[in-house]
Amino acid sequence: MEPGAKVVTVMQGELSVSGDPTVVMSCILGSCVATCLYDPSARVGGMNHILLPGRRGEAVAHNKFGVFAMETLINELMHIGARKPKLVAKIFGGASTFDNGLAIGAANAAFVRDFLETESIPIAAESIGGRQARRVRFFPESGHAKQLLTAEAVPAEELRPQKPARDRRPAVPPGGSGEVELF
Amino acid sequence: MTLKVLAIDDSRTMRDLLQVSLTESGFDITLAEDGIDGLDKLETAEPDVVITDINMPRLDGFGVIEAVRARADHRATPILVLTTESSPEMKSRARTAGATGWIVKPFDDVALASAIHRVTA
């Protein structure tokens with residue numbers, strides 16, 4: 001790891017955004033998918049880390065959980081100066097790590113690809129599928145990403161979620177989702 | 001009578017979601033892809049309710065609320081904000097501008113339909 005780097009671990013269900021050149025976002029992925037988005041002009045970027053509850057083959061428009069995770073990431077990036085038409089994506093994960101016949105990883109990856117295509121966000125790089133887990137590092141200010149395929153098939157973090165730390169937040173706001181407030 | 005809804009959101013995914021949800025709930029829906037497009041469609045759509053996102057290019061949700069309220073024939077048209085945002089500051093700003101309600105995404109089909117019926121009752 002680079003000296004002086006501030007490592008932000010993005011756990012399943014979380015996201016993080018930053019324009020700090022010393023920040024490195026990190027996650028370990030099995031069947032989950034991480035989408036890294038960055039605006040090369042504004043020099044800001046962010047990462048989310050999702051595992052969809054939906055079934056394979058469900059239309060993007062029906063997968064509200066995934067849509068919400070993506071839209072929240074985009075909105076957080078816009079808050080720190082990104083412009084949506086400038087966003088570029090790098091996507092990772094979606095491995096078939098559990099040998100249970102369910103193509104969860106493939107479904108996660110298909111959802112993210114469909115979403116990005118629908119929103120006209122180009123995919124600059126991707127590493128999707130396979131059977132190995134991945135460790136991904138993303139440098140939000142430059143948009144650079146590095147990945148390491150790990151020997152273990154299932155990342156321990158995917159089995160035992162850890163407590164969240166600062167600089168990252170749950171993808172669902174504390175107020176609860178779907179909350180309706182009439183003024 | 002079928003209620004007419006003008007839904008403004010810059011995300012195509014979100015417009016697709018709203019189209020499916022509101023059509024299934026029995027509303028007549030017109031979609032617009034940003035604030036300017038929404039205001040352009042206001043006259044022809046003649047909505048009973050306007051639903052708007054906040055973060056949008058060209059004209060954001062706050063601009064939409066102010067512009068709709070500035071039109072004499074839409075001074076009382078209910079405006080629901082539908083957004084991933086939930087900060088009290090943004091809610092308060094929307095309320096001051098003339099919004100009728102605030103719904104946090106991801107929305108629930110039934111809760112959204114019920115909110116539309118409540119503000120148009």
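The legends below describe close-up views of a predicted model with chains A and B.

**View 1. The side of chain B that touches chain A.**
In this view, 23 residues of chain A are in contact with 27 residues of chain B. On chain B, at least two residues of this side come from each of helix 1 (12-24), strand 5 (101-104) and helix 5 (109-120). Helix 1 of chain B gives the most, with six residues. By class, the residues of the side of chain B that touches chain A are 13 nonpolar, seven polar and seven charged.

**View 2. Helix 1 of chain A against helix 1 of chain B.**
Helix 1 of chain A covers residues 64-79, and its axis comes within 11 Å of the axis of helix 1 of chain B. The two axes cross at roughly 145°, and the crossing is left-handed. Chain A brings A:Lys64, A:Val67 and A:Glu71 to the contact, while chain B brings B:Thr13, B:Met14 and B:Leu17. Three residues of this contact are nonpolar, one is polar and two are charged.

**View 3. Strand pairing between the chains.**
Strand 11 of chain A (residues 180-182) and strand 5 of chain B run antiparallel and are joined by three bridges. One pair to look for is A:Leu182 with its bridge partner B:Gly101 in strand 5 of chain B.

**View 4. The sheet that includes strands of both chains.**
An open sheet is formed by six strands in the order 11(A)-5(B)-4(B)-3(B)-1(B)-2(B), with mixed pairing. Strand 11 of chain A and strand 2 (28-32) of chain B stand at the edges; each has a single partner strand, so one side of each is left without a neighbour in the sheet. On average, neighbouring strands of this sheet are turned by 20° against each other, direction ignored.

**View 5. Strands 1 and 2 of chain B, with helix 2 of chain B on the sheet.**
Strand 1 of chain B (residues 4-8) runs parallel to strand 2 of chain B, and five bridges join them. B:Lys4 has B:Asp28, in strand 2 of chain B, as its bridge partner. Helix 2 of chain B packs on the sheet and touches strand 1, strand 2 and strand 3 (49-52) of chain B. The direction of helix 2 of chain B makes about 165° with that of strand 1 of chain B.

**View 6. Helix 2 and helix 3 of chain B.**
The axes of helix 2 (residues 35-45) and helix 3 of chain B come within 9 Å and cross at roughly 25°. These two helices of chain B are therefore roughly parallel to each other, and their crossing is right-handed. From helix 2 of chain B, the contact takes B:Gly35, B:Gly38, B:Leu39 and B:Leu42. Helix 3 of chain B supplies B:Gly61, B:Gly63, B:Val64, B:Ala67 and B:Val68. The contact of helix 2 with helix 3 of chain B has five nonpolar residues, four polar residues and no charged residues.

**View 7. Helix 3 and helix 4 of chain B.**
Helix 3 (residues 61-69) and helix 4 (residues 88-97) of chain B have axes that come within 9 Å and cross at roughly 15°. That angle makes helix 3 of chain B roughly parallel to helix 4 of chain B. The crossing of helix 3 and helix 4 of chain B is right-handed. B:Phe62, B:Ile65 and B:Glu66 of helix 3 of chain B meet B:Arg93, B:Ala94 and B:Ala97 of helix 4 of chain B. The classes in this contact are four nonpolar, no polar and two charged residues.

**View 8. The annotated stretch of chain B.**
In an unreviewed entry, UniProt lists residues 4-120 of chain B as "domain: Response regulatory". Over residues 4-120, chain B is 47% helix and 20% strand. The end C-alpha atoms of this stretch are 10 Å apart.

**View 9. Strands 3, 8 and 9 of chain A.**
Strand 3 (residues 23-29) and strand 8 (residues 134-139) of chain A run antiparallel and are joined by five bridges. Across this pairing, A:Leu29 stands opposite A:Arg134 in strand 8 of chain A. Strand 8 of chain A also pairs with strand 9 (residues 144-149) of chain A, in the antiparallel sense and over six bridges. Here the bridge partner of A:Phe138 is A:Ala145 in strand 9 of chain A. The hairpin of strand 8 and strand 9 of chain A has four residues between the strands, and A:Gly143 takes a positive phi near 85° in this hairpin.

Definitions and conventions
Residues are numbered from 1 along each chain as its sequence is written. Chains are lettered from A and ligands numbered from 1 in the order in which they are written. This is a predicted model: local features need pLDDT of at least 70, side-chain atom pairs count only at pLDDT 80 or more; totals for chains, interfaces and linings use all residues. Two residues are in contact if their C-beta atoms, placed from the backbone, lie within 7 Å. Ala, Val, Leu, Ile, Met, Phe, Trp, Tyr, Cys and Pro count as nonpolar, Asp, Glu, Lys and Arg as charged, and the others, Gly among them, as polar. Two strands pair if DSSP finds at least two bridges between them. Axes are lines fitted to C-alpha atoms, for helices over the stretch in contact, and angles run from 0 to 180 degrees between N-to-C directions. Angles under 35 degrees count as roughly parallel, over 145 as roughly antiparallel, 65 to 115 as roughly perpendicular and the rest as oblique. A crossing is left-handed if the near helix is turned anticlockwise from the far one by less than a right angle, and right-handed if clockwise. UniProt positions are given in the numbering used here, feature names are shortened, and annotations may be inferred rather than shown by experiment.
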